[in-house]
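Got a structure open and not sure where to start looking? Let's walk through it together, one question at a time.

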Amino acid sequence: IFFMLLQNGVKVFGDCAINVDPNAEQLAEIGLVSSRTARAFGIYPRVAMLSYATGDSNVGPMIDKVRKATAIARESAPDDPIEGPIQFDAAVDPAVAAVKFKGVDNAVAGKATVCIFPDLNSGNNAYKAVQQAAHAIAIGPVMQGLRMPVNDLSRGCTVEDIVNTVVVTCIQSQDAKKLRAAKEG
């Protein structure tokens, strides 16, 4: 994932660096793990499973994959707010969400904090587009699903990138320690 530090708050974008074309099960797992990562960093996870269509507005193999991933994720975490398929604008903009959801209250639409892209192409391009267009700080990639915290830096990273990655890795380590203690106790 990447933590996207925006003017109006922090969003979690996943997967933007590792999984090229995850299947529905893998996409659901990315959503669930990203939700846990967000929570570990004090971000209330409202998970948007992104697609080029919202709800039943269109059909196709990619939308079907996102729809299936959403169903799997909801089944695994029935108390977590997870919505999909949903377009990015409907996920993060309350005005667009109100139009696309026709006034129906939704825990995620217009309020998403965790945005899960259907493939690496869309995720990688989206985080870079938002980073450049909004002059956002992108912290990542933050690796997930490993036994111990391991993160990556690009060859062109700055000192600030290194510091941010060290801080993230330390927080991941503390969270992993808490989880191990809870399992043992």
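What follows is a set of questions and answers about this predicted model.

Q: How many helices and strands are there in the protein chain?
A: Start at the N terminus and read along: the elements run β-β-α-β-α-β-α-α-β-α-β-α. Tally up each kind, and the protein chain has six helices and six strands.

Q: What radius of gyration does the protein chain have, next to what a compact globule would have?
A: Along its principal axes, the C-alpha trace spans about 45 × 45 × 30 Å. A compact globule with 185 residues would have a radius of gyration near 16 Å. The chain agrees with that, as its own value is 16 Å.

Q: What share of the contacts with a separation of 6 or more comes from residues 24 or more positions apart?
A: Here we're looking at contacts in the protein chain between residues with a separation of 6 or more. Those between residues 24 or more positions apart account for 64%.

Q: In what order do the strands of the open sheet stand, and which ones are at the edges?
A: The six strands have mixed pairing and the order β4-β3-β5-β2-β1-β6. A strand at the edge has a single partner strand, so one side of it is left without a neighbour in the sheet. From one strand to the next, the twist averages 25°. The edge strands are β4 and β6.

Q: In which sense do β1 and β2 pair, parallel or antiparallel?
A: In general, strands of a sheet pair through backbone hydrogen bonds, in one sense or the other. β1 (residues 2-6) and β2 (residues 9-14) form a hairpin with two residues between them. Their five bridges include Leu-5 opposite Val-10. The sense is antiparallel.

Q: Which residues stand opposite Met-4 in β2 and in β6?
A: β1 has β2 as a pairing partner, and it also pairs with β6 (residues 137-139) over three bridges in the antiparallel sense. Looking across to β2, the bridge partner of Met-4 is Lys-11. Looking across to β6, it's Ala-138.

Q: How far apart are the end C-alpha atoms of helix α1?
A: Helix α1 covers residues 24-40, which makes 17 residues. At 1.5 Å a residue it should span 24 Å. The model agrees with that, because the end C-alpha atoms are 24 Å apart.

Q: Which elements do the buried residues of α1 pack against?
A: Plenty of names to look up here: the buried residues of α1 include Leu-27, Ile-30, Gly-31 and Val-33. The helix lies across five strands, running at about 160° to β5. Its buried residues pack against β1, β2, β3, α2, β4 and β5.

Q: Which residue's side-chain oxygen reaches the backbone nitrogen of Glu-25?
A: Look at the start of α1. A side-chain oxygen there comes to within 3.1 Å of that backbone nitrogen. The residue it belongs to is Asn-23.

Q: Is Ala-129 buried, partly exposed or exposed?
A: Ala-129 is found in helix α5, and that helix lies across β1, β2 and β6. Its relative accessibility is 43%, and the middle class runs from 20% to 50%. So Ala-129 counts as partly exposed.

Q: Is Gln-172 buried or exposed, and which backbone oxygen lies 3.0 Å from its side chain?
A: Gln-172 is found in helix α6. With a relative accessible area of 14%, it is buried, because the cut-off is under 20%. Leaving aside neighbours within four places in sequence, its contacts include Phe-41, Val-142 and Pro-149. The oxygen lying 3.0 Å from a polar atom of its side chain belongs to Met-143.

Q: Which prolines follow the cis peptide bonds from Gly-84 and Gly-140?
A: The bond from Gly-84 has omega near -5° and leads to a proline in strand β4. The one from Gly-140 has omega near 5° and leads to a proline in the loop between β6 and α6. These prolines are Pro-85 and Pro-141.

Q: What phi does His-135 have, although it is not a glycine?
A: You'll find His-135 in the loop between α5 and β6. At 72% relative accessibility it counts as exposed. Its phi is positive, at about 55°.

Conventions. Residues numbered from 1 in each chain as written. Predicted model: local features only at pLDDT ≥ 70, side-chain atom pairs only at ≥ 80, totals over all residues. Heavy atoms only, no water. Pairing = 2+ DSSP bridges. Helix = DSSP H or I, 4+ residues; strand = E, 2+ residues; numbered from the N terminus. Expected span 1.5 Å × (residues − 1). Buried < 20%, exposed > 50% of the residue type's maximum accessible area, 1.4 Å probe, protein only. Contact = heavy atoms within 4.5 Å. Polar contact = N/O pair within 3.5 Å; in protein donor to acceptor, adjacent residues only side chain to side chain. Axes fitted to C-alpha atoms, helices over the stretch in contact; angles between N-to-C directions. Rg over C-alpha atoms; globule rule 2.2 N^0.38 Å.
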